[in-house]
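This report takes backbone geometry, then strands, then enclosed space. Please keep the display below open while reading.

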Amino acid sequence: MQRIILLCIIMSLLAWASPVTAQSAAPICFPDVPLIDNCLHPSFTAYWRDNGGLPVFGYPIGPLEQFVGDEGRTLTVQWTERNRLELHPTNPPAYRIQIGRMGAEALARVGRDPFADPPDPGPQPGCLWFPETGHNVCDQEPGNGFRTYWQNNGLRIPGLSRYAQSLVLFGYPLTAPQMERNANGDLVLTQWFERARFEWHPQNPARSRVLLGLLGRELHTSPQPLPDLRNGRSVFGVEINRGTVAATATQLAELGADWVRYNGIRWDEVEPSRGVRNWAALQDVETELRLISASGAVPMVIVRGTPTWAQAQPDKSCGPIQAEALPDFAAFLRELVTRYSQPPYNVKFWELGNEPDAPFQLVGGDAPFGCWGDESNSDNYGGAAYAEMLKVAYPAIKAADPQAQVIFGGLLLACSPDHAVRTNEPCHAGRFFEGVLRAGGGDYFDILAYHAYAYFAVHRDPDREHPSWAEGGGATLGKLAYLRSVLATYGYAKPVIMNEGALLCYRSSPNCRPNGFEEAKADAVARLYARTLAADLLMSHWYTLNGPGWQEGGLLDNRQQPQAAFGAFRFLRQQLGAARYVRAVDDDGLEGYRFRTPGGDVIVVWSSDGKERTFVLPAQPRAIYDATGQELPITDSLIITIAPRIIRLAESSP
C-alpha cells in the first residue's frame, strides 16, 4: 500500500512540473559571494529566476553533472543549496525541467523509512491534512509556522492553484513534526517533505522562524561531473584553411590561440571507390596536423565530402549520405579516428560537416559548406537525414576513441525561425536543428556549434544589428539564445561553441579599408570575445587566421603578416585568457562586461548604438587600453564610442 501511495505521489508531481521557458543567453554568476564559484548554467537560469530564485533554490554549488536518478536513468543536473535542477529529456517539452525529491533522498540516505512511523489519526483543526501520506502540517504560533510557510511559498506557475504550486515545490509531508538535530547540530522542531526539510527557529524574527534545510549541500557529492573540455585552456580559437598552415605557423605561435579549427578531411578523397581507402591522399593534411599540434594549439577537424557512390543527392558531395552507405561512413570514421587521435596528430575533436543547414538546392555541389538542408522539406528542412548520420557516426567515433568529442557541424542559421524571411513566409532553414532533435539526434553529439558573421558598416556594430537576429541581441548572442532554448525544450544541456565568426568586407569591396575597416575589425574582435566569455560559450573561433581570408576577414593580410585584428586577438587573449565573468555593465547606451582575472578585474565596454556615451569607472583604473592594446591616458571617466575600451582595475572590488 505504501508503495502504491508513493507511486501516486510521484505521478501527480510529474503532472504538475513547471513548463520550460525561454532560456537566457548568459549564465547567472555570483562572483562576490564567498565560496560560490559556480555559475548557474544557462539551461536553468530562466527556471531558477522565474520560480523564486535565491530564496527558493539557493546558490549553485556545482557545475553541470551527470546524475543517475529514479529508475536508473542518467540525467543532466545542476545542484543548488536547497535542491537539484534536473533535465528530463523523455518528458513532454513542457515538463522537462524538474526539481529533485531531496527530502525523500536525504531520509533514504540515512536508512529512515518515513512510512514506518505511524500516521496521524486524522485531520487536526487549523492544519492542512494530507491523506496521501497521513500527516498534518500545522502552524507553530498563530499565523506563523509550517502550514503558513507551505501555503504561501510555491513555484509561481500560471494555471496552477496555490496549493498545487506549493505541492510542486515542497511535495507531501513525509513525517510528523518532531525535535531533531539539523546539519549545524541544533535541536529544532523538524518536519520532512518530499522536496524539503522545514525547521522551526522560534528565537529568530517572525519572518525567519521557518527555515528550509540546505538539502542540496548535504546531499551533493558530484559523482559524475561533466568533463572539463577546455582542460585549463581559454576560449580563444581560430580557423586555418587547409593548405595555409605552414605559411602561418609562426604567427599561430605568436597569436596564442588555444584552438585551431581545420577544414578539413574529405571522405571522398580517401575512399573515392567503395571499400578502397587511400590514406596517402591525406599526406598534406598529416603534415598540417603535426604543425598545429606542435604549436601547442588543439586541432579540431572537420570531416566532410560524400563520395559519388554514397551521395543521396547526385553531384552533391556537400550533401547527405544514402542510407545504405551510412555503415560505410561509420567504418571510415572508425579507421580515421584510430589513425589521427594519437601523437603526433592528437585530434580529439571531430566536426561532422560544415554549415549542414545550408540547402543543397542553392549550394554548389562541391561547396566547402553544407548542404544537408532541403528547401522542399518544410517539416525539418533535412534535419532528419543529418540525425540518421549522427546515429551511426557517433558510436563509431567513440568506439575508436572514447575520449573523442563529436561536434555538430557549425550551423549557418541564416535566418531566425521566429521571423518571416519574406512577407508571411517562415524561415524553414532555421528549423534544421530542431528537426535533428525531433528525429532523435540529440544523444549523438557532444558539442553544438554555430556561426556568427557580420558585414562592416562605418561606426556601427553589425553583429548586434544583424537583420535576422537583432531582436535577440545580434548574431552572436541571438543565435546562441535560440539554440540554448531549443536544446532545453528537448531536454538537453550541451556545451556550445561559436566556431566561425568575423567582421567581413562585403564582397571584398575596395571601399572598406579607406573607411576604417581594419580598425573596425580589431574592435569586432574585442566585442566578440567579451560576449563569448560573458555568455559562457565553450570556445570561439575567428575565421580565419590566414589572410586575407573570406571577404577580408583574416587576421593576417595576403602576405600572411599581422593586421590590427591580429594584435587585438593577441592582446585580448593575454588579458582575458584566465578570466571569469562577473557581471554586465548596466549603464544606458553601453554594452560591456566585467571579468575577474588573477591580476584584477577587467572591464570591456563600448557604445551599444554608436553614439558617444560617458562611462564613469566603478573603481580606480590601473590601465586603460584600446582593442589592440595601445595604452590610453588614465581618467575616472571615459567618452565611449563603438570602439571598445579595455579597463584593468586596480582592485577586484564589487
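E355 counts as buried, with a relative accessibility of 7%; buried stands for under 20% relative accessible area, exposed for over 50%, and partly exposed for the range in between, with a 1.4 Å probe and protein chains only. The model is predicted, so that local features need pLDDT of at least 70 and side-chain atom pairs count only at pLDDT 80 or more, while totals for chains, interfaces and linings use all residues. Residues are numbered from 1 along each chain as its sequence is written, and side-chain values use heavy atoms, with hydrogens and water left out.

**Backbone geometry**

E355 has a positive phi of about 55 degrees although it is not a glycine. Its place is the loop between β16 and α12 (383-400); helices (H or I, at least four residues) and strands (E, at least two) are DSSP runs numbered from the N terminus.

N231 also departs from the general pattern of sign: its phi is positive, near 55 degrees, in a residue other than glycine. The loop that holds N231 lies between α7 (215-219) and β13. Is N231 buried or exposed? N231 is exposed, at a relative accessible area of 64%, whereas E355 is buried.

Most residues other than glycine have a negative phi, and most peptide bonds are trans. Which residues are joined by a cis peptide bond with omega of about 5 degrees? They are P343 and P344. P344 sits in the loop that runs between α11 (326-340) and β16 (349-352). Another cis peptide bond leads from N263 to G264, with omega near 0 degrees. G264 belongs to strand β14, which covers residues 259-266.

**Strands**

Strand β1 (residues 65-68) has two faces: E65 and F67 are on the covered one, Q66 and V68 on the uncovered one. In a regular strand the side chains alternate between the two faces of the sheet. β1 is joined to strand β2 (residues 74-79) by four bridges, and the two run antiparallel. The residue of β2 that stands opposite E65 is V77.

Four strands make up an open sheet in the order β9-β10-β11-β12, with antiparallel pairing; two strands pair if DSSP finds at least two bridges between them. β9 (178-181) and β12 (210-212) are the edge strands, and each of them pairs on one side only. β11 (residues 196-200) and β12 run antiparallel and are joined by three bridges. At one of the positions along β11, F198 has L212 of β12 as its bridge partner.

**Enclosed space**

A search of the whole structure finds four cavities of 30 Å³ or more. On a 1 Å grid over the protein atoms alone, a cavity is a set of points where a 1.4 Å probe fits but cannot get out; a pocket is an open set with protein on both sides within 12 Å along at least five of seven lines, and lining residues have an atom within 4 Å of a point. A volume is the space filled by probe spheres set on the points, which are joined across faces, edges and corners.

| Space | Volume | Lining residues by class |
|---|---|---|
| Largest cavity | about 150 Å³ | nine nonpolar, seven polar, one charged |
| Second largest cavity | about 120 Å³ | nine nonpolar, two polar, four charged |
| Second largest pocket | about 660 Å³ | 15 nonpolar, six polar, seven charged |

The classes are fixed by residue type: Ala, Val, Leu, Ile, Met, Phe, Trp, Tyr, Cys and Pro are nonpolar, Asp, Glu, Lys and Arg charged, and the others, Gly among them, polar.

The largest cavity has 17 lining residues, and V303, R304, G305, G353 and W372 lie nearest its centre. β15 (298-304) and α12 are the elements that give two or more residues to this lining.

The second largest cavity has a volume of about 120 Å³. It is lined by 15 residues, with A454, D463, A502, A524 and L528 closest to its centre. β18, β19 and α15 (517-534) each give at least two residues to the lining of the second largest cavity. α15 has the largest share of that lining, with four residues.

The volume of the second largest pocket is about 660 Å³. Its lining holds 28 residues, and those closest to the centre are L412, Y453, Y455, L504 and W550. Here β13 (236-241), β18 (448-455) and β19 (496-504) supply at least two residues each. Which strand gives the most to the lining of the second largest pocket? β18 does, with five residues. β18 and β19 thus appear in the lining of the second largest cavity and in that of the second largest pocket.
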